[in-house]
Amino acid sequence: MSAADPFEQGHGMARSGDEAPLSPQSSILSPRLGLVVEGSLVEGLRARLDANSSVEDMRVGRFVRIAGEKHDFFCLVTDVRLSATSNDVLADPPAPEEGFLRQVLAGTAAYGEIAIQPMLMLSRESQAEQEGPRPPRTVPIHFSSVVAADEGDFERVFGKEDDFHFELGRPREMEVPVVLDLPRFVERSNGVFGKSGTGKSFLTRLLLCGVIKSGVATNLIFDMHSEYGWASQSESGELVRGLRQLFPSTKVVVYTLDPDSTRQRVVKPDGQISIGLNEIEVEDVALLQEELRLNPTAVESASLCENEFRSDWIEKLTADDMDVADLVKRTGAHAESLAALRRKLIAHITSLKFVKRNVSEASSGLDKLIADLERGRHVVLEFGQHRRLLPYMLVANVITRRIHRIWTEKVERHKQRQDGTPPPGQLMITIEEAHKFLNPRAAAQTIFGTIAREMRKYNVTLLVVDQRPSGIDDEVLSQIGTRITCQLSDDKDIEAIFTGVSGAGHLRAVLATLDSRQEAIILGHAVPMPLPLRIRPYDEEFYSSLGPWADDPGLAIARASRTYEQLFPADE
Amino acid sequence: MSEPIGEIVETAVAEFTAQAYQFGQSPPFGSFVKVELPDWTAYGLVYAIRSGGVEPGLRPVVRGRDGVRDAAIYAENPDLEQVLRTEFTALTIGFQEDAELRTFLPPQPPPLHWSVHVCSDDEVVRLSEQLEYFRTVLAAAQIPADALLAANIRLARLARAGEPDFTLRAGRELATLLKRDYARLNGILRGLRTGD
Amino acid sequence: MTLDLLKVGPQIARMGVTLRERSARYSLRLARARAALAEQAANLDALAKIAADSRRRLATPLERLDARHSLPQLPCDYRVIGTDGSQIEPDRHGIADYYLLNVGWAVIAYGSQPSAELASEPRLFFERGDLYVAAGERRVPVQDHHLSAKRATLELGTGADLARAHGRDGIPTLVLADGTLLLWVLEDRPGDFLRKELLSPYVEAMSRLRELRVPLASYVSRPRSVEVSGLLIEATCRGDTASCRACAASGEGDCALEGLPDRELFRDLEPGERSARFSMTLSEDLGAYWQDQVPQFFYLNVGSELARVEASPWTGDDPTALALVHVLVYEQCRKGLGYPAVLARAHEQAVVSMRDRASFQHLLDGTLARAGVPARSSEKQLSKRMRAV
């Protein structure tokens, strides 16, 4: 699918003779920027800019094409520099008022150079073109022309927008959609990174909309700040729509941990989630070790308690009549640690509103949520006022563990029986503050680490949204399929983004040039090559691109969806 | 075709000298001239203009006196224009053969006694389309190459009214050719700047 | 091998003394000569008789000897026609008998519509009738003086042709020749049949100009003629030059007038001034050929020298034409920087350089060889030609 479509245009291309290495497209549409003068596959190429090409137009990250003798090379500009043919020019530069001299010398005696990193190459042999671009294995010949990539080039590389190719944004220098291969995207865990205020949540919303619209995966979103389900305010204070307003309730449902808060916003949640103490495992507490300020011994004590009381361990441990001294005696746990554990559980967990001392599984809402997911409904779980990390991590971990268990079972069943039992649908779980779940310590023990490492084995993947990618375990990072990165300023975070990416050195410079808003560099599994993008605006135009459901503004949607629900009850 | 302006009296592959049919009526320094032969056309740039007696023994002497000067000298001595002659020498910059303009030297010099024409504006436009002849000029020894190019570019600019940036293009071509000689480049460019 | 200036120095000093002494003597001589002229100035009839009777060719004064005429007004528009010629002599060593005359000319119009025509016309003579002057049994090859006479005739004829072609628009026109108008080269052989053969066409050309009413003059630079001083000698010495008492009385033993070029007598002319007009006086038999075309002359200070200007009698006798000759010759010398411009131009046109001669010879040899005429150039000629190339 992806191979044929993007190159439809390529079939129509006339092949020029041997003596004309430029493809007709380039010679007609794309102005030449310069000529390749030296370089290597490993270190990248150096091209001398033509006199007419201004250095100031050569932004790092620009997508260019080199028309080699036998191949087209698709490349990124990774550096721009000023050079001169002789030191005399530098010693005696023309004064500012000598306009003509400056004009003449600029581009000739003193000229611009760009460093270019080939990202893909495409043979001009017709059958090779069918196969699509490949990673470069060689470099173009000397003096090959470097041309600005045109619309056709973008389409040849990235493909066209269609049901499974979602426009995430546009390149900086032209109005041509750059699309994400959604089936490939959901195959693996992905990341949205960027320091705060760079538009991560908008980007995430865009991605979610794309996935929802195409139906390539079901989403579960742990919505820490209650910004995905219903309308929320953008950074500039505008009200932007949530997923629930853009899609019918047959597709998107919103669950909440905090019904009061949800109702305050005059929206009706589709379900309510409570967590029973018996659903919390030691693993969850271990994950919260930092938040609860527990020492390792306390976590060990928890394990001992769990051994003792099974799933009721918290309930028992935090019961008013709990005889701690007796428990210490029985389990051999460290007395002070156990006491501390008990104290912290009472203070921070059993006190949570949505945590019930004894919740029957039927009434927890969790089963309903999972059933929705199984039916392919996308679920946004709002945390309402519980927007601190501790409840977020606790709930996310508890729920995800359940889901993972179910999905794993289903996949295993499907494999063992091989009787046509369908595998569970592809599920993408969105978590924020991901480094809390996936830091080296947590990743080793929590369910998220497992999912990230297992990849698509059990049809569950993560979409991690984070501003501190350096906090995420290297092994997990290297398994992140597609990374969409907004501006980052911390060197360690930048380093982390490129973990496991070859030729990352060149991309670092590109990342450094990102605007603080609405720009991102996309690299990885779902795109053929890295590219900096202007993220498409999340606005009315985008809403209407999603279909009829998005047409009506504001809460009218919500009313319409309620009407719809009455006709087609959600439980069915 | 235009009236010829002179006739070749000395010829070589790299340059040819013509005597102007009218004393004092030489094509300007730096202008394009051509010699049209049955099979090919030679093109040159006028780089030297000399006037003197028609014969080696005829040496011009000072004639101005009693307030008779300059043009009045010629008015008072109508015979002067007959015994003085103007010669110009053109550096061959290329030739046209089979409708193709070649920017290298022709296999033969244009023959003696063929007429030399001044190139029309259209021809100047065509000749200055590609500026490879700059290389020939810059490489020529013992001619005022720098001044010649500056003059030529100024003249070509007048013919190329449709290309306002011609001087810039020419300057860049020079800058490319003279990348190892910035001082020389600077000199020529300063000569081009005037009149901008 | 350098010049030893130390040794030359004293010799130069001695030379200076000698020259100074000679100059002083010459001044004295000139003063006496002029005194003689002043003494005879008004004695026109007597002088004419002396001139007519003398065996020497003397001048017949046509006005007071000491007359001076200042420069007349220059017309606004005028034209001067000058001719000159050169020749390639018959070559006895060459491959064929021939000679070549090349006449050059300049027709220059001055004034409101200046123009100039400079050209030359070569003519090759090779027919028997051209190569020899024949009268009955006698046959004389045309060479040396005879050739010069032929050339002069051709020059004058060309002048007449040009005057006919150009001189009809009412613009004052002068035909100016180089050297004397008198074919004196023929004087030595009185009665010779050659005179008739050679002089008649010359005089006939003059007549053509007279018919056209175009003044004819010639310019003699550095004239050495002694027709006036000779006249004075005969006038003062009573025909006995050997016993000139006035001269002898000076104690210097030589006559102040003897051998004195006429021009020295008119040295006090201011630039632009001309002397008295004289007529040449020819012997009777010679005069028969010239009829009424015996040339006249006067001296003219052209600024750089004292030149002798000759004119046809109908020019000299016509005051308007005479004034035109006077002013135009002066003006021509001014323009020509000491020598009439038209004559300089005509000469340039006429001259056959060594190089031209060689080219001509080459052309001739080649053509004749192709025509099957065997070459007979001598070794000497060959070597000469090699050098010329």
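1. Is C:Asp45 buried or exposed? C:Asp45 counts as exposed because it has 9 C-beta neighbours inside 10 Å, where 12 or fewer is the limit for that class. The model under discussion is a predicted one. C:Asp45 belongs to helix α2 of chain C, which spans residues 44–53. Its C-alpha lies 9.2 Å from that of C:Thr60, a residue 15 positions away in sequence.

2. C:Leu156 provides a contrasting case in chain C. This residue sits in helix α4 (residues 144–166) of chain C. With 27 C-beta neighbours inside 10 Å, C:Leu156 counts as buried, the threshold being 20 or more. Beyond its neighbours within four places in sequence, C:Leu156 is in contact with C:Ala177, C:Tyr202, C:Ala205 and C:Met206. In the case of C:Ala205, 49 residues separate it from C:Leu156 along the chain, and the two C-alpha atoms are 6.3 Å apart.

3. Chain C as a whole may be summarised as follows. It has 14 helices and eleven strands. Of its 389 residues, 38% count as buried. Among contacts in chain C with a separation of 6 or more, 74% are between residues 24 or more positions apart.

4. The interface between chains C and B involves 13 residues of chain C, in contact with ten residues of chain B. On the chain C side, β3 (99–110), β4 (115–125) and α12 (341–350) each supply at least two residues. The most is given by β3(C), with four residues. By residue class, the side of chain C that touches chain B comprises nine nonpolar residues, one polar and three charged.

5. The interface between chains B and A involves 13 residues of chain B and 13 residues of chain A. On the chain B side, the elements giving two or more residues are α6 (166–177) and α7 (182–193). The side of chain B that touches chain A divides into six nonpolar, two polar and five charged residues.

6. Chain A contains a barrel. Six of its strands close in the order β1-β2-β5-β4-β3-β6, with antiparallel pairing. From one strand to the next, the twist averages 45 degrees. Within this barrel order β1 is followed by β2; strand β1 (residues 32–40) and strand β2 (residues 44–49) of chain A are joined by six bridges and run antiparallel. In this pairing, A:Ser40 stands opposite A:Gly44 of β2(A). Helix α23 (residues 504–512) of chain A lies across β2, β4 (71–84) and β5 (110–123) of the same chain, and runs at about 65 degrees to β4(A).

7. Where in chain A is strand β19, and how many of its residues are buried? Strand β19 covers residues 460–466, and seven of its seven residues are buried, so the strand is largely enclosed by the rest of the structure. The burial applies to both faces: A:Val460, A:Leu462, A:Val464 and A:Asp466 lie on one side, and A:Thr461, A:Leu463 and A:Val465 on the other.

8. Two pairings of β19(A) deserve mention. Strand β9 (residues 190–193) of chain A pairs with β19(A) in the parallel sense over four bridges, and A:Phe193 has A:Asp466 as its bridge partner there. Strand β18 (residues 427–432) of chain A also pairs with β19(A) in the parallel sense, over six bridges. Here A:Glu432 stands opposite A:Val465.

9. Helix α17 (residues 389–417) of chain A has 29 residues. From its first C-alpha to its last it reaches 41 Å, close to the 42 Å expected at 1.5 Å a residue. The buried residues of α17(A) include an unbroken run from A:Pro391 through A:Tyr392, A:Met393, A:Leu394, A:Val395, A:Ala396, A:Asn397, A:Val398 and A:Ile399 to A:Thr400. A:Ile403 and A:Trp407 are buried as well.

10. The largest nonpolar core has 207 residues, and A:Val64, A:Ile431 and A:Leu438 have the most contacts inside it. Leaving aside neighbours within four places in sequence, A:Leu438 is in contact with A:Ala443, A:Phe448, A:Gly449, A:Ala452, A:Val464, A:Ile472, A:Asp473 and A:Val476. A second, separate core of 88 residues includes C:Ala106, C:Ala276, C:Leu306 and C:Leu324.

Technical notes
Residues are numbered from 1 along each chain as its sequence is written. Chains are lettered from A and ligands numbered from 1 in the order in which they are written. This is a predicted model: local features need pLDDT of at least 70, side-chain atom pairs count only at pLDDT 80 or more; totals for chains, interfaces and linings use all residues. Two strands pair if DSSP finds at least two bridges between them. Axes are lines fitted to C-alpha atoms, for helices over the stretch in contact, and angles run from 0 to 180 degrees between N-to-C directions. Two residues are in contact if their C-beta atoms, placed from the backbone, lie within 7 Å. Ala, Val, Leu, Ile, Met, Phe, Trp, Tyr, Cys and Pro count as nonpolar, Asp, Glu, Lys and Arg as charged, and the others, Gly among them, as polar. The expected span of a helix is 1.5 Å times one less than its number of residues. A nonpolar core is a set of buried Ala, Val, Leu, Ile, Met, Phe, Trp, Tyr and Cys residues joined through C-beta atoms within 7 Å.
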